[in-house]
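Biologist: Hey, I have a new structure open and I'm a bit lost. Can you walk me through it?
Modeller: Sure, let me put it on the screen.

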Amino acid sequence: MKTALPPLMTDELPLRIEPAELADADQLRLTTAGEIQRLLLQLCEHHELVSLYVDDSDQFGLSMALAVDQGRLILDLPHGHFKDQILAVEQLYCTSALSHVKVQFTARSPRLVEWQGKPALAVTQPTEALRLQRRDFYRLIVPLAQPLSCYVPLGHGEDFEISLADISVGGIGIIGYVPGLRMDAGRQYHGIRIELPDTGTVMADVEMRSSFEITLKNGIHTIRTGAQFIHLSSANQTLIQRYITKVERERIAKSQRLD
């Protein structure tokens with residue numbers, strides 16, 4: 001059995017998101033004013049951090065979504081010399097995360113304003129945004145203490161072992177580079193095996209749907225890859241749902257004991 005290096009597992013959200021490949025990018029893009037406004041309001045409601053880039057370099061300023069007001073997104077004003085760089089450009093590249101779903105958009109016409117008595121940054125509400133992962137199914141972040149493995153058959157009786165970052169009835173997520181295994185969008189693997197602890201074994205076909213280079217808060221560069229199940233059987237769906245319910249119940253019970 002060939003074993004890949006384990007992916008980097010962390011609860012830290014990436015600050016930078018660089019789309020590498022997308023299958024069905026149009027399905028992930030928000031283009032209506034109502035959808036975009038709801039997204040921005042959620043960022044504000046949850047006080048989400050927003051990374052601001054003035055170009056395609058690795059330098060960014062860290063801000064926070066404050067409010068949506070009269071067609072503008074109000075952001076906390078970054079400190080230091082980066083403030084001057086922001087005000088000197090016509091547009092900013094913004095990335096954030098909402099409930100572990102990565103979002104990015106381009107914000108235009110950055111300008112200095114006063115918000116609730118303090119200096120703030122105002123940008124024009126974007127005309128489109130990209131959600132880099134849909135949440136059509138409940139997605140379980142795999143607990144670090146209970147790693148989950150996926151085995152990809154390579155032929156000749158050999159399997160390639162991958163550690164999963166998350167799982168849902170819709171598909172699986174991988175964080176980290178997997179040397180020797182191609183994960184370009186549209187590539188399919190048949191007969192993969194997922195061992196669900198104390199639950200059962202899922203046999204399925206998957207198609208790679210998206211791959212994004214990300215930089216974590218600790219500065220480590222890695223990649224997140226999402227794969228979608230192809231015509232997953234009802235029996236396998238039941239196994240995954242049972243596993244997710246089991247892990248969530250254990251998490252809740254542990255949390256109650258700590259309280």
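Modeller: One term before we start: a salt bridge is a side-chain nitrogen of Lys or Arg within 4 Å of a carboxyl oxygen of Asp or Glu. Also keep in mind that this is a predicted model.

Biologist: Okay, so which residue pairs up with Arg182 in a salt bridge?
Modeller: Asp184 does, and the N to O distance between the two side chains is 3.8 Å.

Biologist: Is Arg182 buried or exposed?
Modeller: Arg182 is exposed, because its relative accessible area is 54% and the cut-off for exposed is over 50%. Its partner Asp184 has 21%, so Asp184 counts as partly exposed.

Biologist: How many salt bridges does the structure hold?
Modeller: Nine. One of them joins Arg251 and Glu248, with the closest N and O atoms 2.8 Å apart.

Biologist: Where do Arg251 and Glu248 lie?
Modeller: Both lie in helix 4, residues 234-258, and they are three residues apart, about one turn of the helix. In general, an α-helix has 3.6 residues a turn, so residues three or four places apart point the same way. Glu248 has 15% relative accessibility, so Glu248 counts as buried.

Biologist: Which residues are joined into one network by salt bridges that share partners?
Modeller: That network is made of Asp159, Arg193 and Glu195. Within the network, the side chains of Arg193 and Glu195 meet at 2.8 Å, N to O. Arg193 is partly exposed with a relative accessible area of 22%, and Glu195 is partly exposed too, with 31%.

Biologist: Let's zoom out. How many helices and strands are there?
Modeller: The secondary structure comes to four helices and 18 strands.

Biologist: And what share of the residues is buried?
Modeller: 46% of the 259 residues. As for the outside, the protein exposes about 13600 Å², and carbon and sulfur atoms supply 49% of that area.

Biologist: What about contacts between parts that sit apart in the sequence?
Modeller: Take the contacts with a separation of 6 or more: 61% of them are between residues 24 or more positions apart.

Biologist: Can we look at one helix properly? Helix 2, say. What should its span be?
Modeller: Helix 2 covers residues 33-45, which is 13 residues, and at 1.5 Å a residue these should span 18 Å. The end C-alpha atoms are 18 Å apart, so the two values agree.

Biologist: Which residues of helix 2 are buried?
Modeller: Ile36, Leu39, Leu40, Leu43 and Cys44. These cover an arc of only 140° around the axis, which puts them on the same side of helix 2.

Biologist: And which exposed residues are on the face turned away from that buried side?
Modeller: Arg38 and Glu45.

Biologist: What covers the buried residues of helix 2?
Modeller: Several strands do, among them strand 5 (61-69), strand 7 (91-98) and strand 8 (101-115).

Biologist: Pick one of those buried residues for me.
Modeller: Try Leu43, which is found in helix 2. Its relative accessibility is 1%, so Leu43 counts as buried.

Biologist: What is Leu43 in contact with, leaving aside neighbours within four places in sequence?
Modeller: The contacts are Glu48, Ala65, Ser96, Ala97, Leu98, Val103 and Phe105. Leu98 is 55 residues from Leu43 along the chain, yet their C-alpha atoms are separated by 6.7 Å.

Biologist: Nice. And what follows helix 2?
Modeller: His47 follows helix 2, and the phi of His47 is positive, near 50°.

Biologist: Now the surface. Which residues form a nonpolar patch there?
Modeller: Leu49, Phe60 and Leu62 do, with about 230 Å² of accessible area together. Leu49 lies in strand 4, residues 49-53. At 34% relative accessibility, Leu49 counts as partly exposed.

Biologist: Last one: where is Gly171?
Modeller: Gly171 is in strand 15, residues 171-175. Gly171 is buried, since its relative accessible area is 9%.

Biologist: What does Gly171 touch, not counting residues up to four places away in sequence?
Modeller: Ala227, Gln228 and Phe229. Gly171 and Phe229 are 58 residues apart in sequence, but 4.9 Å apart in space, C-alpha to C-alpha.

Definitions and conventions:
Residues are numbered from 1 along each chain as its sequence is written. This is a predicted model: local features need pLDDT of at least 70, side-chain atom pairs count only at pLDDT 80 or more; totals for chains, interfaces and linings use all residues. Side-chain values use heavy atoms; hydrogens and water are left out. Helices (H or I, at least four residues) and strands (E, at least two) are DSSP runs, numbered from the N terminus. The expected span of a helix is 1.5 Å times one less than its number of residues. Buried means under 20% relative accessible area, exposed over 50%, partly exposed in between (1.4 Å probe, protein chains only). The arc is that of the directions from the helix axis to the C-beta atoms. Contact means heavy atoms within 4.5 Å. Accessible areas come from the Shrake-Rupley method with a 1.4 Å probe; for residues, only the protein chains shown count as cover. Patches are made of residues with over 30% relative accessible area and no salt bridge: like charges are joined within 9 Å, nonpolar side chains (Val, Leu, Ile, Met, Phe, Trp, Tyr) within 5 Å.
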